[in-house]
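Biologist: Please take a close look at one part of this model, and set out the backbone and its surroundings in a connected way. Add other parts afterwards where they help.

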Amino acid sequence: MIKIEIDKSSGFCFGVVNAIKQSEAELQDNEILYCLGDIVHNSHEVERLRSRGLITINHEEFAGLHDVKVLLRAHGEPPSTYEIARKNRIQIIDATCPVVLQLQQKIKKTYDNRNPENTQIVIYGKIGHAEVNGLVGQTQDQAIVIENIEDLKKIDFNRPIKLFSQTTKSLEGFSEIVTEIKKRISPKTDFEYFDTICRQVANRIPNIRKFASEYDLIFFVSGEKSSNGKILYEECHKANPNSIRISGPDDFKKEMLKDARSIGICGATSTPAWLMEKVSQKIRELLDDHS
């Protein structure tokens, strides 16, 4: 008999759970609730909440709304979003993750207290990512965003640097950036770095490596938009080359299950537990049909 197991450490992080709970609580009393951007980078969960009345909007649509309720997701928003809400009498349901909120406040304080002619605020993160946009907004869009070692060319190594990180980046990647800046910076130039990576996310990496190595075949469930999912899947694949990334149960083909004696199912911090359970059910159905 083939062993099928779901990774207990996979699934929504605290910030996402909190945002979804807040949206569901609001939708109990209201027929509709607007959400600025996808509440989570998983189309299946977005669709589930859409069917309950959650309407996803972009920033342009948000600016055109008046006298409504809008939920801000866990990723956080720049100050300009709150200013638009104030002008348009929009009631904000703020589901910004506490870890992200703390980081926003830290960056704003650093920006306000910096030497404006000299100090560079640098953020290690994904350019254009919702969380990063919110962080850059704390600096009136003055922060320098770097995604990798190549992006370090954006920095002046003769001027002071204060480095922060998007909360969902890997500790290893951040450590590499810190090491490289230390190598390049002028000897008498000030360099401060702040490890602002969420451990609830960072700790997923060693956990998922261990889980992936224990099975013949791994199905990693994640939405295409999830940057966290991309990182975790890469770690999964390193630990077990027989790892397949899928978005849901409809992605399956029988031939994927060939010769597997044990199957592990895991996912991103944006992957709902109910979706991994549906994947497990689909595998069992295919195996029953196959026998």
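**From a loop into a sheet**

Modeller: Q140 lies in the loop that links α6 (130-137) to β7. The model is a predicted one, and the values below are computed from it. The phi of Q140 is positive, about 55°, although Q140 is not a glycine. Most residues other than glycine have a negative phi. Is Q140 buried or exposed? Its relative accessibility is 59%, and because exposed means over 50%, Q140 counts as exposed.

The loop of Q140 leads to β7, and β7 belongs to an open sheet of 4 strands. The order across this sheet is β7-β6-β8-β9, and the pairing is parallel. In general, strands of a sheet pair through backbone hydrogen bonds, either parallel or antiparallel. β7 (144-146) and β9 (191-193) are the edge strands; each has a single partner strand, so one side of each has no neighbour in the sheet. Neighbouring strands are turned against each other by 25° on average, with direction ignored.

Inside that order, β6 and β8 are neighbours. Strand β6 covers residues 120-124 and strand β8 covers residues 161-165; the two run parallel and are joined by 5 bridges. Within this pair, Q120 stands opposite I161 in β8. Helix α7, residues 171-184, lies across β6, β7, β8 and β9. Its direction is at about 170° to β8.

A second positive phi can be set beside that of Q140. R89, also a residue other than glycine, has a phi near 55°. R89 sits in the loop between α4 (79-87) and β5 (91-94). With 52% relative accessibility, R89 counts as exposed, because the cut-off is over 50%.

Another part to add is a helix pair. Helix α1 spans residues 14-29 and helix α2 spans residues 43-50; their axes come within 11 Å and cross at roughly 15°. Angles under 35 degrees count as roughly parallel, so α1 is roughly parallel to α2. The crossing of α1 and α2 is left-handed. On the α1 side the contact is made by I20, S23, E24 and L27, and on the α2 side by E45, R48 and L49. By type, the residues of this contact divide into 3 nonpolar, 1 polar and 3 charged.

Conventions: Residues are numbered from 1 along each chain as its sequence is written. This is a predicted model: local features need pLDDT of at least 70, side-chain atom pairs count only at pLDDT 80 or more; totals for chains, interfaces and linings use all residues. Side-chain values use heavy atoms; hydrogens and water are left out. Axes are lines fitted to C-alpha atoms, for helices over the stretch in contact, and angles run from 0 to 180 degrees between N-to-C directions. Angles under 35 degrees count as roughly parallel, over 145 as roughly antiparallel, 65 to 115 as roughly perpendicular and the rest as oblique. A crossing is left-handed if the near helix is turned anticlockwise from the far one by less than a right angle, and right-handed if clockwise. Contact means heavy atoms within 4.5 Å. Ala, Val, Leu, Ile, Met, Phe, Trp, Tyr, Cys and Pro count as nonpolar, Asp, Glu, Lys and Arg as charged, and the others, Gly among them, as polar. Two strands pair if DSSP finds at least two bridges between them. Buried means under 20% relative accessible area, exposed over 50%, partly exposed in between (1.4 Å probe, protein chains only).
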